[in-house]
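Reader: I would like to go through this model with its ligand in view. Please keep the answers short.

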Amino acid sequence: MTGSITLTMIKPYAVQNGYTGPILAKINEAGFRIIAMKYLQMTLQQAKDFYKVHEGQNFYPRLVEFMSSGPVVAAILEKKNAVQDYRKLIGATDPLKAEEGTLRKLFGASIEKNAVHGSDSDENANVEADFFFSKLERFQLMD
Ligand code: CMP
């Protein structure tokens, strides 16, 4: 089965608190395939570039500071309807408003420290996947 892709990051707060394993387990249980993954710390400039779409928002300076403050786990996830299904799995941006059982409800602390990022459209998923991964770093596993 091949599907569409989405890009996720496990954010610094969640990595630092030991949530990487539990979050990846939930991602697997929900039927996503990890076709690329890396552990890295973004520079401030890389975080600014990744979140360029939010430039000018009042939360942008804090967001890029936070996202470059420690390592993240970035991954490309594949599934039918990957973008929409992953957004359902992660829940609302603000963990206080996220549904029970979602990743942000379970592992998020605030709207900034909301555990994980997920792409908001197929178009952005491709842009964001290309931001972190070359073709050689992606693996299509057999059924
Ligand atoms: P993410 O899915 O990574 O995409 C953009 C991020 O900006 C979002 O998660 C939040 O962490 C952050 N964000 C969005 N809205 C706000 C806000 N109103 N205040 C602070 N941070 C925000």
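Reader: How do the residues of the shell around the ligand divide into nonpolar, polar and charged?
Author: This is a predicted model. The ligand is surrounded by K11, Y51, H54, F59, L63, T93, R104, I111, E112, N114 and H117. Sorted by type, this shell comes to four nonpolar, four polar and three charged residues.

Reader: Which residue has a backbone N or O atom 2.7 Å from an oxygen atom of the ligand?
Author: Polar contacts are counted for N or O atoms within 3.5 Å. Side chains supply two such pairs with ligand oxygen atoms: one from Y51 at 2.6 Å and one from H117 at 3.0 Å. The backbone atom at 2.7 Å from a ligand oxygen belongs to I111.

Reader: How much of the ligand's accessible area does the protein cover?
Author: The ligand sits in the largest pocket. On its own, the ligand has 450 Å² of accessible area, and the share covered by the protein is 77%.

Reader: What pattern does the protein follow along the sequence?
Author: The elements to place are seven helices and four strands. Read along the sequence, they give β-α-α-β-α-α-β-α-α-β-α.

Reader: Why is the protein said to be as compact as a globular protein of its length, and what is its radius of gyration?
Author: Along its principal axes, the C-alpha trace spans about 45 × 35 × 25 Å. For 143 residues the globule rule gives 15 Å, and the protein counts as that compact because its radius of gyration is close to this, at 14 Å.

Definitions and conventions
Residues are numbered from 1 along each chain as its sequence is written. This is a predicted model: local features need pLDDT of at least 70, side-chain atom pairs count only at pLDDT 80 or more; totals for chains, interfaces and linings use all residues. Side-chain values use heavy atoms; hydrogens and water are left out. A residue is near a molecule or strand if one of its heavy atoms lies within 4 Å of it. A polar contact is a pair of N or O atoms within 3.5 Å; within protein, one must be able to donate a hydrogen and the other to accept it, and residues adjacent in sequence count only if both atoms are side-chain atoms. Accessible areas come from the Shrake-Rupley method with a 1.4 Å probe; for residues, only the protein chains shown count as cover. On a 1 Å grid over the protein atoms alone, a cavity is a set of points where a 1.4 Å probe fits but cannot get out, and a pocket is an open set with protein on both sides within 12 Å along at least five of seven lines; lining residues have an atom within 4 Å of a point. A molecule sits in a cavity or pocket if more than half of its atoms lie within 2 Å of its grid points. Ala, Val, Leu, Ile, Met, Phe, Trp, Tyr, Cys and Pro count as nonpolar, Asp, Glu, Lys and Arg as charged, and the others, Gly among them, as polar. Helices (H or I, at least four residues) and strands (E, at least two) are DSSP runs, numbered from the N terminus. The radius of gyration is taken over C-alpha atoms; the globule rule is 2.2 Å times the number of residues to the power 0.38.
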